[in-house]
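Let's take a look around the inside of this protein. The plan is to start with its open space, move on to what sits there, and finish with a couple of backbone oddities.

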Amino acid sequence: MKKIKISPSILSADFSQLGNEIQRLEKGGADLIHIDVMDGHFVPNLTIGPPIIKKLRNHTKLPFDVHLMISPVHKYIKDFAEAGADIITIHPEATKDLNNSIKHIREFNKKVGVSLNPDTNINIINDHLKQIDLVLIMSVYPGFGGQKFIPDVLNKIKELTSIKKDNNYKFDIEVDGGINFSNYKSVIEAGANILVSGTTIFKENQGDVKKNIKILKTI
Ligand code: DX5
Ligand code: ZN
């Protein structure tokens, strides 16, 4: 039976209480903490950077699943690695040399993730699949929480799952954006093993994160 991991996005958390919110997620059964970093340039929104991640680091033992929606991204990898990121996920469009950026993340002994936007094809990362730990499939256009899931992405997840199986690759398939109680099962069936969710986890069932995380883990 495939183990499903939940990586709640703190973009939907109470930003005035981030330390407590992260502890609430840990107690609520989260497996990772998804931290959405936005620079107002790669995406039309601005969130948090290394200093805040550094402050949050001691609030939990859970891995920090850091999603860098910033460009250029290469020169900031060091800062996020030193701030306490465990997984550093970058967008191929945000670096001049994806291979070099992957190697740079490895230099800090961090897990490497590469993220594909809804209209970015898998083939642009084909040559890198054996050297990365995670593919983050975006099921919304990045920049904001609370957007609607794009169902066409299910075919991309299925395509990636068969490439992974055919080549015996080991990367995790994480899906991010608009995941809710009516679509999460189809995302898992398509091959995802990590689900990112912000709005559903923080807003459903009067914000009972423990209950919402449990539902998303139930297949
Ligand atoms: C969007 C972020 C997602 C988003 C998920 O750019 O990468 O992680 O916060 O939030 P929901 O689950 O609300 O779509
Ligand atoms: Zn994200």
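The largest pocket has a volume of about 370 Å³. It is lined by 30 residues, and those closest to its centre are Gly146, Gln147, Gly177, Gly178 and Ile179. Keep in mind that this is a predicted model.

Which elements each supply at least two residues of that lining? They are strand 2, strand 3, strand 8 and helix 7, the last of these spanning 199–207. Sorted by class, the pocket lining has 16 polar residues, eleven nonpolar ones and three charged ones.

So much for the walls; now for the occupant. The largest pocket is the space taken by ligand 1. Three strands give two or more residues each to the shell around the ligand: strand 2 (33–38), strand 3 (64–69) and strand 8 (194–197). Strand 2 makes the largest contribution to this shell, with three residues.

There are 20 residues around ligand 1, and the ones that come nearest are Asp36, Gly143, Asp176, Gly198 and Thr199. The shell is made up of eleven polar, seven nonpolar and two charged residues.

For some individual contacts, here are three residues with a polar atom close to an oxygen atom of ligand 1.

| Residue | Atom on the protein side | Distance to an oxygen atom of ligand 1 |
|---|---|---|
| Ser9 | polar side-chain atom | 3.1 Å |
| His34 | side-chain N or O atom | 3.4 Å |
| Gly146 | backbone N or O atom | 2.8 Å |

How much of ligand 1 does the protein cover? On its own, the ligand has 380 Å² of accessible area, and the protein covers 99% of that. Gly146 is worth a second look: its backbone contacts the ligand at 2.8 Å, and it is also among the residues closest to the centre of the largest pocket.

There is also some enclosed space to check. How many cavities of 30 Å³ or more does the structure hold? Just one. The largest cavity contains about 30 Å³ of space. Its lining consists of Ile10, Leu11, Phe15, Ile35, Asp36 and Ile48. By class, that comes to five nonpolar residues, one charged residue and no polar ones. Asp36 is a name you've met already: it lines this cavity, and it is one of the residues that come nearest to ligand 1.

Finally, the backbone has two spots to look up in the viewer. The peptide bond joining Ser71 and Pro72 is cis, with omega at about -5°. Pro72 sits in the loop that runs between strand 3 and helix 3 (77–83). The other spot is Asn109, which has a positive phi of about 55° even though it isn't a glycine. You'll find Asn109 in the loop between helix 4 (98–107) and strand 5 (111–116).

Technical notes
Residues are numbered from 1 along each chain as its sequence is written. Chains are lettered from A and ligands numbered from 1 in the order in which they are written. This is a predicted model: local features need pLDDT of at least 70, side-chain atom pairs count only at pLDDT 80 or more; totals for chains, interfaces and linings use all residues. Side-chain values use heavy atoms; hydrogens and water are left out. A residue is near a molecule or strand if one of its heavy atoms lies within 4 Å of it. A polar contact is a pair of N or O atoms within 3.5 Å; within protein, one must be able to donate a hydrogen and the other to accept it, and residues adjacent in sequence count only if both atoms are side-chain atoms. Accessible areas come from the Shrake-Rupley method with a 1.4 Å probe; for residues, only the protein chains shown count as cover. On a 1 Å grid over the protein atoms alone, a cavity is a set of points where a 1.4 Å probe fits but cannot get out, and a pocket is an open set with protein on both sides within 12 Å along at least five of seven lines; lining residues have an atom within 4 Å of a point. A molecule sits in a cavity or pocket if more than half of its atoms lie within 2 Å of its grid points. Helices (H or I, at least four residues) and strands (E, at least two) are DSSP runs, numbered from the N terminus. Ala, Val, Leu, Ile, Met, Phe, Trp, Tyr, Cys and Pro count as nonpolar, Asp, Glu, Lys and Arg as charged, and the others, Gly among them, as polar. Grid points are joined across faces, edges and corners, and a volume is the space filled by probe spheres set on the points.
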